[in-house]
Amino acid sequence: MSNDEKHITDVLNQLKLGTILIKQKINGKKYPRRFFLHEHEDFISYEASRKTFGKPRIYRIKDIDEVRSGFRSRTFDQLVINGSINASEEDLAFTIMYNNHRNEVHLMAPDVTIRNLWIVGVHHLVDKHAHKSQRHLTTEEKWILNYFREADKDRSNTLSKRECRKLLTDSLNVKVPDAVFEQLFRKADKSQEGLLSPEEFVGFFHLLTQRKDLYEIMKQYTKNGRSYSIENIHMNVDELLSFLRIVQNQKLTINVKTHDGRDRIICESIEKPEQAQELIDKFELGKEFRQKGQLSLDVCIFFINRELASDIQLCNERLNNNQLLILGFRNMLLSSNFDIVKPSYARHIYQNMTRPLCDYYINTSHNTYLFYGQLSGESNPEAYNQALLAGCRAVELDCYDGSDGKPIVTHGYTFVKPCSFESIIRYMKPNLFKTSPYPVILNLENHCSLEQQKEMGRILEDILGDQLLKEPLTHANPRYLPSPEDLKYKVIVR
């Protein structure tokens, strides 16, 4: 284990032990609670209060969008203005944004060390979840069991048919005909008690997600394929090589170092049996299949005990004493090399970014400040973070005179509540270039008086500083607009 991995493990272990944090409300009320990371690292919660009907909220990692240090939220702004908290306490504050930036929890730690523990730990978990592929999720027992625990409302550590049915429809959005559901449930229910244990639910999930479409494909390109069942069909090296060359026209992407030390991705055609064997070694989880140079499909086999499984060796995927999961062909097709968008295109800029800005389509947001409806609700700075993190490069601000001399953003002639122009610029600044280094365009629909326009200019200069493009680029041809490459990490006012 590297030093970085050990550090993260230590951080997460400390969060699981729990720490006292102050939960801040916009009305100034403070609630000390012992917050903790769940042992399975799938959610954050806190110990219940002594109130009769007190029920702690659960903040699921998959729903968390961002964790922010300091007072960078409207609630903390208001608390400082009202004198509910001291401006000198900013180093103790952090905010967790969740539910697509629509909800937030505002917390104060007892010291900077504990505050930083939470920021580092939550950042790591959110980033880890974001980078999980479908291949990881469908084979990861912990991910599957998270849903099991969520559906187990009576905490019996089992799921009834009703609970299992509700889980499929409400959480996994899966509609299964009654007859098929009954068949799969009976097959997974080894105890024949009408209840699924955690291990049996993992088996049920894999039975449910078996890929019969891939089975039909394998039958076409495997010798005597139609004589094999979904459980025992497999491809040898030659069959796999033929499939990858003729059917898939597959290429593999390989990271190489250039002479100047830069990383570069090249595509390599699959033409040799050794390349097919490397794929089998990488994606086939059944050791016996790997040793024979075979790629299985997607098999979930149950055993009554360990002894019955002695003829099949597992690499590292034993789910328990009674179950064996073997994934090969599906595992391979879900890997990044087999994405419909080539990895070299999906993860790297491959287009020419030196043309004038007007030569490009720009991901643009209209009425960005609206979080709810066109006629009511409120203007919300978090809507800008939502758009920027989704890849948007041009956002809109409809600016009007504020009654206190400070410009506001709102949907004119509607019931939409305004938001201060300054708060929007301040809250969006940390997220401007998280998803892309290319310029962000602020489309200002300007209804402000001259005095408040000057105030808008001051706000932009004070907050954005050198990121704000204020003068023509000296090295650019004045006959043409600058290119995205010229304008990296710059904010343009339009």
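The following exercises, each with a worked solution, concern a predicted model.

**Exercise 1. Overall composition**

State how many helices and strands the chain has, and what share of its residues count as buried.

Solution. Step 1: the secondary structure consists of 17 helices and 21 strands. Step 2: the chain has 494 residues, of which 45% count as buried. Step 3: among contacts with a separation of 6 or more, 61% come from residues 24 or more positions apart.

**Exercise 2. The seven-stranded sheet**

Give the strand order of the open sheet of seven strands and identify the strands at its edges.

Solution. Step 1: the order reads E4-E3-E2-E1-E7-E6-E5, and the pairing is antiparallel. Step 2: the edges are held by strand E4 (59-60) and E5; each has a single partner strand, so one side of each lacks a neighbour in the sheet.

**Exercise 3. Strand E6 and its partners**

Determine whether the residues of strand E6 are buried or exposed, and describe how E6 pairs with E5 and E7.

Solution. Step 1: strand E6 spans residues 93-98, and six of its six residues are buried, so the strand is largely enclosed by the rest of the structure. Step 2: the burial applies to both faces, with Ala93, Thr95 and Met97 on one side and Phe94, Ile96 and Tyr98 on the other. Step 3: strand E5 (residues 64-69) is joined to E6 by five bridges in the antiparallel sense. In this pair, Arg68 lies opposite Thr95, and Ser69 has Phe94 as its bridge partner. Step 4: strand E7 (residues 103-108) pairs with E6 over six bridges, also in the antiparallel sense. Here Ala93 is bridged to Met108. Step 5: the hairpin of E6 and E7 has four residues between the strands, and Asn99 in this hairpin takes a positive phi near 60°.

**Exercise 4. Two residues with positive phi**

For Arg155 and Asn367, find the loop in which each residue lies and decide whether each is buried or exposed.

Solution. Step 1, background: most residues other than glycine have a negative phi. Step 2: Arg155 is not a glycine, yet its phi is positive at about 55°. Arg155 sits in the loop between helix H5 (141-151) and strand E8 (159-160). Its relative accessible area is 63%, so Arg155 is exposed, the cut-off being over 50%. Step 3: Asn367, likewise not a glycine, has a positive phi of about 50°. Asn367 belongs to the loop between helix H14 (343-346) and H15. Its relative accessibility is 6%, so Asn367 is buried, the cut-off being under 20%.

**Exercise 5. Leu184 and the annotated segment**

Locate Leu184, list the residues it touches beyond four places in sequence, and describe residues 176-211.

Solution. Step 1: Leu184 is part of helix H7 (residues 178-188). Step 2: with 14% relative accessibility, Leu184 counts as buried. Step 3: leaving out residues up to four places away in sequence, Leu184 touches Phe204, Leu207 and Leu208. The C-alpha atoms of Leu184 and Leu207 are 6.8 Å apart, although 23 residues separate the two along the chain. Step 4: an unreviewed UniProt entry carries the annotation "domain: EF-hand" for residues 139-174 and 176-211. Over residues 176-211, the chain is 61% helix and 6% strand, with 15 Å between the end C-alpha atoms.

**Exercise 6. The packing of H15 and H16**

Describe the geometry and the residue classes of the contact between helices H15 and H16.

Solution. Step 1, background: two packed helices are described by the angle and the distance between their axes. Step 2: the axes of helix H15 (residues 382-389) and helix H16 (residues 421-428) come within 9 Å, crossing at roughly 35°. The crossing is right-handed. Step 3: H15 contributes Tyr384, Asn385 and Leu388, which meet Ile424, Tyr427 and Met428 in H16. By class, these are five nonpolar residues, one polar and no charged.

**Exercise 7. The five-stranded sheet**

Which strands form the edges of the sheet E19-E18-E17-E20-E21, and which helix lies across E17, E20 and E21?

Solution. Step 1: the five strands form an open sheet with mixed pairing. Its edge strands are E19 (419-420) and E21 (491-493), each paired on one side only. Step 2: E19 runs antiparallel to strand E18 (residues 408-409), to which two bridges join it. Ile408 stands opposite Ser420 in E19. Step 3: helix H17 (residues 450-464) lies across strand E17 (394-400), strand E20 (440-446) and E21. The angle between H17 and E20 is about 165°.

Key. Residues numbered from 1 in each chain as written. Predicted model: local features only at pLDDT ≥ 70, side-chain atom pairs only at ≥ 80, totals over all residues. Heavy atoms only, no water. Pairing = 2+ DSSP bridges. Contact = heavy atoms within 4.5 Å. Axes fitted to C-alpha atoms, helices over the stretch in contact; angles between N-to-C directions. Left-handed = near helix turned anticlockwise from the far one by under 90°. Nonpolar A, V, L, I, M, F, W, Y, C, P; charged D, E, K, R; others polar. UniProt positions renumbered as here; feature names shortened; annotations may be inferred. Buried < 20%, exposed > 50% of the residue type's maximum accessible area, 1.4 Å probe, protein only.
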